[in-house]
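Hello,

Here is the structure you asked about, followed by notes on what was found in it. Please read the notes with the model open beside you.

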Amino acid sequence: MATDKKVIAFDLYGTLLSTESIAKQLESQFPNKAQSISSLWRRYQLEYTWRLNSMGIYEPFSDITRNALQHALAEHEESLPNDAIASLMKAYDNLSTFPDVQPVLMKLSQISTLTAVVFSNGTLSMVSNSVNSSPHLSPHASVFKDIISVESIKAYKPAPAVYHHLVAKTGKSSAQKGDIYLVSGNPFDIMGARSVGLNAIWVDRGGRGWADAAVPQLRPTAVVRNLEEIVEVVQDT
């Protein structure tokens, strides 16, 4: 990977892919609870990663995702057989993209001075399946020069080690960290990147404004409403 170019590191789940889109698959089993189960599934998926980080324990993201689903179902007093769970896990590799994803990837495919990568909590297998096999991302797979997973670090965002791993994988030195721009719709991810000196662009599709006050002095490098805005932000800073 060329070390003289600025790097745009896209988070996957909640930034390029809509985790809420899994509700469509849940509707066939739970027509009146699909959205609620989907939301709780995502909540526990993230919460489990934070708990494990705090305990110094690592479990693969695929296992966390499966366990979080079962937790969400149990709280709704529901359950599914193993084959239905497996089907939902397979569907997780084919989540829908947000509407602004295709335009920004098409734009980046025409810009040789920027390098795009995917940087995710997902296992390398999960992320590779989504990027290379899903009907939504696969047409643009060549835009991404690397798929960077936290799997080899055995920790999850926002642990500092995973962002140092990102720096190393892009070939940047510590002095070049400012050339890396994390793009994420997840505030905790933005905070993690900023805490180690990376640039971070928060995608505020809901237009609610930045409110995260866990570490008040840590704020996004920039806030955008649409992914198409990030190219100008990166080129101008």
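Ser 149 sits in strand β3, which covers residues 144–149. Please keep in mind that this is a predicted model. The relative accessibility of Ser 149 is 8%, so this residue counts as buried, the limit for that class being under 20%. The side chain of Ser 149 comes to 3.0 Å from the backbone nitrogen of Glu 151. Leaving aside residues up to four places away in sequence, Ser 149 is in touch with Ser 120, Gly 122, Thr 123, Leu 124 and His 165.

A second serine to look at is Ser 21, in the loop between β1 and α1. Ser 21 has a relative accessibility of 10% and therefore also counts as buried. A polar atom of the Ser 21 side chain is 2.7 Å from the backbone oxygen of Ser 18. Beyond residues up to four places away in sequence, Ser 21 touches Leu 95 and Ser 96.

Now the domains. The domain assignment splits the protein into domain 1, made of 6–17 + 96–236, and domain 2, made of 20–93. Taken over C-alpha atoms, the centres of domain 1 and domain 2 are 23 Å apart. Contact between them involves 19 residues of domain 1 and 16 residues of domain 2.

The size of an interface is often given as the accessible area lost when the parts come together. For domain 1 and domain 2 the buried area is about 1,500 Å², and carbon and sulfur atoms give 59% of this area. On the domain 1 side, the residues that lose the most area to domain 2 are Tyr 13, Met 126 and Tyr 156; together they make up 42% of what that side buries.

What kinds of polar pairing cross the interface of domain 1 and domain 2? There are 7 residue pairs in polar contact, counted where both residues are at pLDDT 80 or more, and 0 salt bridges. Helix α6 (residues 124–133) supplies the largest share of the side of domain 1 that touches domain 2, with 3 residues. Sorted by class, that side of domain 1 has 7 nonpolar, 9 polar and 3 charged residues.

How many salt bridges does a search of the whole structure find? The count is 8. Three of the pairs are described below.

One of them joins the side chains of Asp 11 and Lys 157, with an N to O distance of 2.9 Å. This pair links distant parts of the chain, 146 residues apart: Asp 11 is in the loop between β1 (6–10) and α1 (23–26), and Lys 157 is in the loop between β3 and α7 (160–169). Are Asp 11 and Lys 157 buried or exposed? Both are buried. Asp 11 and Lys 157 also belong, with Asp 189, to a network of salt bridges.

Another salt bridge is formed by the side chains of Asp 63 and Arg 66, at 3.4 Å from N to O. Asp 63 and Arg 66 are separated by about one helical turn, because they are 3 residues apart in helix α3 (residues 61–75). Asp 63 has a relative accessible area of 26% and is therefore partly exposed. Arg 66, at 32% relative accessibility, likewise counts as partly exposed.

A further salt bridge pairs Arg 205 with Asp 100, whose closest N and O atoms are 3.0 Å apart. Here too the pair links distant parts of the chain, 105 residues apart. Arg 205 lies in the loop between β5 (199–203) and β6 (222–224), while Asp 100 lies in the loop between α4 (82–91) and α5 (101–108). With a relative accessible area of 25%, Arg 205 is partly exposed, whereas Asp 100, at 7% relative accessibility, counts as buried.

The last residue on the list is Asp 4, in the segment before β1. Is Asp 4 buried or exposed? Asp 4 counts as exposed, because its relative accessibility is 67% and the class begins at over 50%. From Asp 4 to Arg 51 the C-alpha to C-alpha distance is 37 Å, and the two are 47 residues apart in sequence.

Regards

Methods
Residues are numbered from 1 along each chain as its sequence is written. This is a predicted model: local features need pLDDT of at least 70, side-chain atom pairs count only at pLDDT 80 or more; totals for chains, interfaces and linings use all residues. Side-chain values use heavy atoms; hydrogens and water are left out. Helices (H or I, at least four residues) and strands (E, at least two) are DSSP runs, numbered from the N terminus. Buried means under 20% relative accessible area, exposed over 50%, partly exposed in between (1.4 Å probe, protein chains only). A polar contact is a pair of N or O atoms within 3.5 Å; within protein, one must be able to donate a hydrogen and the other to accept it, and residues adjacent in sequence count only if both atoms are side-chain atoms. Contact means heavy atoms within 4.5 Å. Domain bounds come from an automatic or database domain assignment. Buried area is the accessible area (1.4 Å probe) that two parts lose on being put together, summed over both. A salt bridge is a side-chain nitrogen of Lys or Arg within 4 Å of a carboxyl oxygen of Asp or Glu. Ala, Val, Leu, Ile, Met, Phe, Trp, Tyr, Cys and Pro count as nonpolar, Asp, Glu, Lys and Arg as charged, and the others, Gly among them, as polar.
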